[in-house]
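Visitor: I am new to this structure and would be grateful for a guided introduction. May we look at it together?

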Amino acid sequence: MRTKTVKVSYIKAASEIFAEAGEIIRSGGLVAFPTETVYGLGANGLDAAACAKIYAAKGRPSDNPLILHVADRAMVNLVAKEVTPMAERVLAAFAPGPVTVILPKRDEVPSSVTGGLATVGIRMPDSDIARALIRAAGVPIAAPSANTSGRPSPTTATAVFADMEGKIPLILDGGPCKFGVESTIVDCAGKRAAILRPGAITREMLAEVLGELAPPPVLNEKEAPRAPGMKYTHYAPVAPMTLMDAPEGETRRERLFAAILDAVCEAKADGKRPGLIVSRELAEKISPFRLVPPERVAVYGSADSFSEIAARLYESLRYFDETDADILFAEAVEEKELGVAIMNRLKKAAGGRVRFADS
Ligand code: TXA
Ligand code: MG
């Protein structure tokens with residue numbers, strides 16, 4: 001199958017492409033499209049056979065449920081059996097936007113789409129292109145991130161093409177995604193709202209509209225995570241990566257720098273070619289040492305801007321697809337606000353390899 005990428009800059013001028021994309025979805029095919037978080041790989045969310053193609057194209061385990069994307073509040077009722085007061089508040093405050101609510105599903109939603117669960121994830125993206133596509137299709141669109149399972153999520157059409165070439169007919173190119181990390185998932189089906197995956201809508205923001213939230217889960221190897229997808233290896237770059245962290249406080253950045261410098265020297269002594277995923281500030285400090293060539297340094301943004309780091313995180317991880325680096329070190333961020341979501345993805349990309357600078 002030939003994969004066509006079409007740039008979409010103006011919704012009105014691009015109506016022909018939406019007619020074509022909507023028709024592909026209605027007839028059971030796949031279309032990749034931009035959202036404000038990451039690119040999604042879409043299919044008719046009420047068509048089990050169409051959704052099976054998503055699992056095949058991604059190599060995704062069948063027990064990992066898909067999120068259904070809707071264009072407006074009315075469409076939520078097509079997929080949710082009940083919209084709880086908690087969900088109403090989250091939707092009123094943050095939709096359209098980077099949030100997904102978990103609600104009891106209607107029978108019309110195939111259980112193969114929800115990994116056998118009685119609940120369904122619902123999201124109203126704040127991307128004109130995404131909502132125009134859903135309207136053109138006239139059905140809720142099931143869409144996971146448009147990457148091969150286990151790889152970093154795509155935040156550009158080029159990254160989608162790298163993973164999906166030959167597997168899908170159409171990619172809508174809306175430029176780079178604004179947020180860069182996937183939506184916050186909030187379980188609104190139980191007694192108390194719980195965050196199943198951190199994202200750009202932070203715990204603090206949710207607490208303002210929901211009051212108290214269930215405490216963040218303590219990582220427990222034995223217990224299955226409530227968002228099934230969170231148990232799998234994720235976002236992993238091609239070379240093994242270690243996340244370098246340091247205690248909070250005034251000396252944090254100094255310690256991180258020293259720890260990364262040490263790790264690089266150690267790796268080189270072992271005959272390795274280290275690559276770095278770091279802030280602009282750290283990159284500038286390490287460059288005079290001439291230990292790592294510039295082409296093996298991916299700058300994910302300024303250490304002072306979580307939003308910049310989130311937006312460039314996955315591209316920084318994917319950057320190493322094309323270099324000769326054989327071991328990677330990534331700089332941790334502070335686990336607060338949007339930093340919680342960034343660290344969640346970095347830890348998964350590192351497959352749990354975290355090295356803490358000792359005091
Ligand atoms: O920002 C996003 O949410 C992006 C864009 C494309 O909208 N989508 C996305 O989908 O990140 P995906 O499939 O990569 O991640 C969906 C996550 C998985 O961890 C899955 O297990 C969880 O949502 N999930 C989906 N339905 C669920 C349900 N009923 N209960 C619990 N977790 C659910
Ligand atoms: Mg994903």
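Guide: Let us begin with a pair of helices in this predicted model. Helix 10 passes helix 11 in a left-handed crossing.

Visitor: Are helix 10 and helix 11 roughly parallel or roughly antiparallel to each other?

Guide: The axes of helix 10, residues 306–319, and helix 11, residues 339–349, come within 9 Å and cross at roughly 20 degrees. Angles under 35 degrees count as roughly parallel. The two helices, helix 10 and helix 11, are therefore roughly parallel.

Visitor: Which residues of helix 11 meet helix 10, and how many residues of this contact are nonpolar?

Guide: From helix 10, the participants are Phe 306, Ile 309, Ala 310, Leu 313, Tyr 314 and Leu 317. Their partners in helix 11 are Gly 339, Ile 342, Arg 345, Leu 346 and Ala 349. By class, the contact of helix 10 with helix 11 has one charged residue, one polar and, as to nonpolar residues, nine.

Visitor: Turning to the second largest pocket, which strand gives the most to its lining?

Guide: The second largest pocket holds about 620 Å³ of space. The elements giving two or more residues to its lining are strand 4 (67–69), strand 5 (99–104), strand 6 (119–123), strand 9 (184–187) and strand 10 (194–197). With four residues, the one that gives the most is strand 6.

Visitor: How many residues in the lining of the second largest pocket are charged?

Guide: The lining of the second largest pocket comprises 43 residues, and Arg 60, Pro 65, Ile 67, Ile 185 and Arg 197 lie nearest the centre of the pocket. The lining divides into 18 nonpolar residues, 18 polar and, for the charged class, seven.

Definitions and conventions
Residues numbered from 1 in each chain as written. Chains lettered and ligands numbered in written order. Predicted model: local features only at pLDDT ≥ 70, side-chain atom pairs only at ≥ 80, totals over all residues. Heavy atoms only, no water. Axes fitted to C-alpha atoms, helices over the stretch in contact; angles between N-to-C directions. Parallel < 35°, antiparallel > 145°, perpendicular 65-115°, else oblique. Left-handed = near helix turned anticlockwise from the far one by under 90°. Contact = heavy atoms within 4.5 Å. Nonpolar A, V, L, I, M, F, W, Y, C, P; charged D, E, K, R; others polar. 1 Å grid on protein atoms, 1.4 Å probe; cavity = no way out; pocket = protein on both sides within 12 Å on 5 of 7 lines; lining within 4 Å. Points joined across faces, edges and corners; volume = space filled by probe spheres on them.
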